[in-house]
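User: Hey, I've just opened this one and I'm new to it. Can you walk me through it?

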Amino acid sequence: MIRHAARVLLFAGILGISSLHAEEAWAPVEARVPFAPSAFTGSDGLTHLAYELHVTNFYGDSGALKPQGLEVFGDDATTPLLTLDAKQLSQVAKPAPAAQKPVAILPGKRIVFFVWLTLPAGAPVPHRLHHRIEFTADKHANSVLDGATVQVSEAKTLVIGPPLRGGRWLAHEGPGAAQSHHWGSLVAVNGQLTIPQRYALDLVGVDDAGHVMRPGVKDIQKSSYADWIGYGADVLAVADGVVRSARDGETEHPPLSAQPEPSALTSDGLFGNYVVLEIAPGTFASYAHLQRGSLKVKPGDRVRRGQVLAQLGQSGNSAAPHLHFQLSNAVTFEGSEGVPYAYERFDYLGPESEAQLFGQGDPWKALPIEHRQAQLPLNDVVIQFPNP
């Protein structure tokens with residue numbers, strides 16, 4: 001018993017954990033952050049950290065554990081950088097609980113919490129983060145997780161050029177949307193669980209009214225490629241680099257048609273026609289859903305920033321014409337981790353909803369143009385790239 005208590009105290013000391021209150025016990029969970037976050041500046045002008053906290057209810061007899069909230073602390077601070085109550089925590093959990101129900105982690109099950117930290121303006125980026133979650137349980141006393149420490153990555157955000165030539169684009173399913181099909185998609189392949197699309201954007205072309213289709217389309221379910229604002233746009237190299245992977249010749253789907261299940265969670269299974277560039281050692285830019293027959297490069301080619309690679313299309317796992325763009329740390333989709341980046345320059349025109357793309361709801365109105373530098377567009381904002 002003495003040896004067990006000593007181990008608990010040693011464990012607490014290593015993690016920098018505060019002492020437990022008398023009525024609390026250590027939570028019977030395994031908790032970790034598999035991929036260390038890197039700081040980046042969003043289109044709101046603030047510094048963010050985005051990462052995932054995996055929490056597993058380890059023992060079969062522990063009963064359901066119900067998190068009552070989450071606090072995230074930086075370094076040795078006693079004031080949390082982020083506080084989420086039980087309801088807010090359920091909104092960033094995967095699997096997501098049923099509507100209006102709190103999160104409950106069943107024995108032997110894991111929940112992933114998608115953590116979005118926004119640092120106060122001017123605040124330094126912390127060197128490490130640790131987490132506190134209090135649990136209630138049906139079978140046992142209340143318990144607490146106080147630890148799950150992760151070092152913040154010191155990697156610098158790569159600043160890149162535009163992936164498209166001019167025009168207005170909705171940055172859809174972008175950073176900050178925890179339940180999006182980008183950040184919210186965990187890929188388990190061959191012993192690895194990663195999120196390749198953590199900072200991915202679907203760049204959807206829009207006109208001055210914020211509409212995705214040209215005027216005069218009577219039935220959007222019968223639209224043609226030519227009806228879509230972005231279709232056929234030049235796709236550009238965001239930096240000097242080398243083509244490490246590419247594919248052309250895949251059939252494009254009719255716009256807004258039902259999509260079959262992907263054949264595999266790989267670039268070939270998801271991206272359709274695509275190009276992957278290595279733009280820095282171990283950093284890869286992926287361009288997906290390209291127009292069939294439009295690729296102008298092949299593996300091994302060296303490219304220059306601003307060079308035309310292909311045209312925007314609708315191949316692969318895509319319901320409508322757009323460019324899927326992401327940066328990751330491996331050339332393959334499976335087994336890679338999405339990493340943040342920033343566009344050197346773009347104009348910011350304000351938020352827009354998916355419904356407004358199709359002229360539904362209140363009409364979209366562009367905000368006065370704001371010139372932005374070295375920022376990553378956040379979810380569902382309209383941006384405009386300069387012409388190279």
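**Salt bridges first**

Analyst: Sure. The side chains of Lys298 and Asp301 form a salt bridge, 3.1 Å from N to O. By salt bridge I mean a side-chain nitrogen of Lys or Arg within 4 Å of a carboxyl oxygen of Asp or Glu.

User: Is Lys298 buried or exposed?

Analyst: Lys298 is exposed, since its relative accessibility is 51%. The cut-offs are relative accessible area under 20% for buried and over 50% for exposed, with partly exposed in between (1.4 Å probe, protein chains only).

User: Anything I should know before reading on?

Analyst: Yes, this is a predicted model, so local features need pLDDT of at least 70 and side-chain atom pairs count only at pLDDT 80 or more, while totals for chains, interfaces and linings use all residues. Residues are numbered from 1 along each chain as its sequence is written, and side-chain values use heavy atoms, leaving out hydrogens and water.

User: Cool. How many salt bridges are there in the whole structure?

Analyst: The search turns up 17. One of them joins the side chains of Arg128 and Asp76, at 2.4 Å from N to O.

User: Why does that pair tie together separate parts?

Analyst: Because Arg128 belongs to strand β9 (residues 128-137), while Asp76 sits in the loop between β5 (65-74) and β6 (82-85), so the two parts are 52 residues apart in sequence. Strands here are DSSP runs of E with at least two residues, numbered from the N terminus.

User: And how accessible are Arg128 and Asp76?

Analyst: Arg128 is partly exposed, with 28% relative accessible area. Asp76 reaches 65%, so it counts as exposed.

User: What about Asp146 and Arg132, are they buried or exposed?

Analyst: Both Asp146 and Arg132 are buried. Their side chains meet in a salt bridge too, at 2.9 Å from N to O. It links distant parts of the chain, with Asp146 in strand β10 and Arg132 in strand β9, 14 residues apart.

User: Which residues are linked in a network of salt bridges?

Analyst: Glu52, Arg198 and Glu337 are. They turn up again around the second largest cavity, whose lining is Pro34, Phe35, Glu52, His54, Leu186, Leu193, Thr194, Ile195, Arg198 and Glu337. Two elements, β4 (47-57) and β14 (192-194), each give two or more residues to that lining. A cavity is a set of points on a 1 Å grid over the protein atoms alone where a 1.4 Å probe fits but cannot get out, and lining residues have an atom within 4 Å of a point.

User: So what lines the largest cavity?

Analyst: Its lining includes Glu52 and Arg198 as well, along with Phe35, Ala36, Pro37, Ser38, Ala50, Tyr51, Tyr199, Gly338 and Pro340.

User: Back to strand β10 for a sec. Where is Ser143?

Analyst: Ser143 is in strand β10, which covers residues 143-151. It is buried, because its relative accessible area is 6%. Leaving out residues up to four places away in sequence, Ser143 touches Ala25, Trp26, Ala27, Pro28, Ile133, Glu134 and Phe135. Contact means heavy atoms within 4.5 Å.

User: New topic: how many residues are in the largest nonpolar core?

Analyst: There are 75, and Leu203, Tyr287 and Phe325 have the most contacts inside it. Strand β8 (residues 110-118) gives the most to this core, six residues. A core is a set of buried Ala, Val, Leu, Ile, Met, Phe, Trp, Tyr and Cys residues joined through side-chain atoms within 4.5 Å.

User: What does Phe325 touch?

Analyst: Beyond its neighbours within four places in sequence, Phe325 is in contact with Ile160, Pro163, Ala200, Leu201, Val238, Ala285, Ser286, Tyr287, Tyr341 and Tyr343. There is also a second, separate core of twelve residues, including Leu170, Met213, Trp228 and Val382.

User: Pro163 is on that list. Where is Pro163?

Analyst: Pro163 is in the loop between β11 (158-160) and β12 (168-172). With 0% relative accessibility, it counts as buried. Not counting residues up to four places away in sequence, Pro163 touches Leu203, Asp234, Val235, Leu236, Val238, Tyr287, Leu323, Phe325, Tyr343 and Phe385.

User: And how many residues separate Pro163 and Glu278 in sequence?

Analyst: 115 residues in sequence, while their C-alpha atoms are 14 Å apart in space.

Terms used
On a 1 Å grid over the protein atoms alone, a cavity is a set of points where a 1.4 Å probe fits but cannot get out, and a pocket is an open set with protein on both sides within 12 Å along at least five of seven lines; lining residues have an atom within 4 Å of a point. Helices (H or I, at least four residues) and strands (E, at least two) are DSSP runs, numbered from the N terminus.
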